[in-house]
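Biologist: Please take a single part of this model and describe closely how its strands pair. I should like the connections between them included.

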Amino acid sequence: MDNEKTLSSLSRLMFALNLAIIAFYSLVCLATTLRICGSFGAYSFLSTVRQIPPPPWRMPLWALGQYLLLCAVSFGKNRWAIERFEVRLLVCLVEILLCLGVTASLEFYYSGAALLVLADLVHYVRNSFYRVCFTAALILLFSFGRYEILYPLTGGVAFGAYLDYYHQTVRSFFAGTESLLVCLNVLLFVLFMILLFTGQKAENSRIRKLNKQLNQANDRLRDYAFELERMTEVRERNRLAREIHDTLGHTLTGIIMGSDAGLALFDAAPEEAKKRIQIVAQAARDGLNDVRRSIKALRPDALESTSLAEALETMITNFKATTSAEVFYDQQAGPLVFAQDEEDTLYRVVQESMTNAVRHGHATEIAIRMTRRDSLLTIDVRDNGLGGGEDVEEGFGLRHMRERLELLGGSLTFGNRETLEEDGERGFYVVVSLPIRGKEEEA
């Protein structure tokens, strides 16, 4: 950005300097012609130059007019962004033609405007082919004027002839001024080109560095995407494992308990045994549907068609019927309307807690109490089973319950009821704490 500001300042300085140079040549020729005519020295001057000079007004009018038009075209093209390539090319050609017109209007005394246009176009044009073509054309134009290659063909009066009219002191002043202005224009052009190519080199180096950093970032992003995909697969696989475990464990426990009860009643009470078998068959069918749902990574079947509150009531009722265990359900948490992932987790936690109580603890009574304080939901499940022994270890079911809860920012505690000071009874307890987001915050 600083380099562009410097180039812009140099460009404006070159335009101002060239305006001063063109004005210098035009005014010297105009003033000298008027001075010769006013002193009646035209015959002597014409006999010396052996050429008829052009009208004195033509040089300043045409040279300054075309130069001002050149300035307008140059500043206009840099201010208004031109998208079409054909229009951009046409503007560049117009600049070159105006530069040629300015040089011709000055009788080829001065062609330094070609350096000004060259610097402007090299900065403006990005196409390498056209940049080379414009550079070659403008260097030729500068050379023709600088070394008076075309001067013999113009049939004009040399600038030195105008200076010869003056005394040595004035002539030296004008010649020195001319040399100073022309050399200053060349120096500004060289400085402009050095800064331009240095800036472009630095910009190319910066772009290469950014491309290298971008490639490295893409590599890291690709590695991260691969790792994320792998972690997602593992997480989904674990989730499906939990789903299938919870469903099969709960269903098979009910089937086993119901079948044992049916077999025990088969001889003594055939009708009751038949009812037990029917309940077991229905539980097996529901469990099969739930397994299919789990494999498809869907919600539990009960939550697909009913609310969480109704699904819990139905599950507890069916569990009591298939296992003959007494389940005391105390729901003090208010309306059970939560986000989908929260409802799925709560349903599975209650399901797994009851299943573990009967399967591992051989419990006959299970107490489930659900409370809520602000946004924290608590589920307390206690049974009268055998407990977890002296060293309670986290099994497959408990580990999956904890993983489910931790994904939602919840926690799980468990152990033997005997270790609780306020309880001390025989059995096992599970306490679940889950911060509820609310259904409106579900992503």
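**Strand pairing around Met-370**

Modeller: Met-370 stands opposite Ile-379, a residue of β3. This is a predicted model, in which local features need pLDDT of at least 70, side-chain atom pairs count only at pLDDT 80 or more, and totals for chains, interfaces and linings use all residues. Residues are numbered from 1 along each chain as its sequence is written, and side-chain values use heavy atoms, with hydrogens and water left out.

Helices (H or I, at least four residues) and strands (E, at least two) are DSSP runs numbered from the N terminus, and two strands pair if DSSP finds at least two bridges between them. By that criterion, β2 (residues 365-373) and β3 (residues 376-383) are antiparallel partners, joined over eight bridges. They form a hairpin with two residues between them. In its turn, Asp-374 has a positive phi of about 55°.

Strand β2 also pairs with β1 (residues 326-332), here in the parallel sense and over seven bridges. Met-370 recurs in this second pairing, where Gln-331 stands opposite Met-370 of β2. Thus Met-370 faces Gln-331 as well as Ile-379 in β3.

The connection between the two parallel strands remains to be described. Helix α13 (residues 340-359) joins β1 and β2 in a β-α-β unit, and this unit is left-handed. A crossover counts as right-handed if, with the strands pointing away from the viewer, the path from the first strand over the helix to the second runs clockwise.
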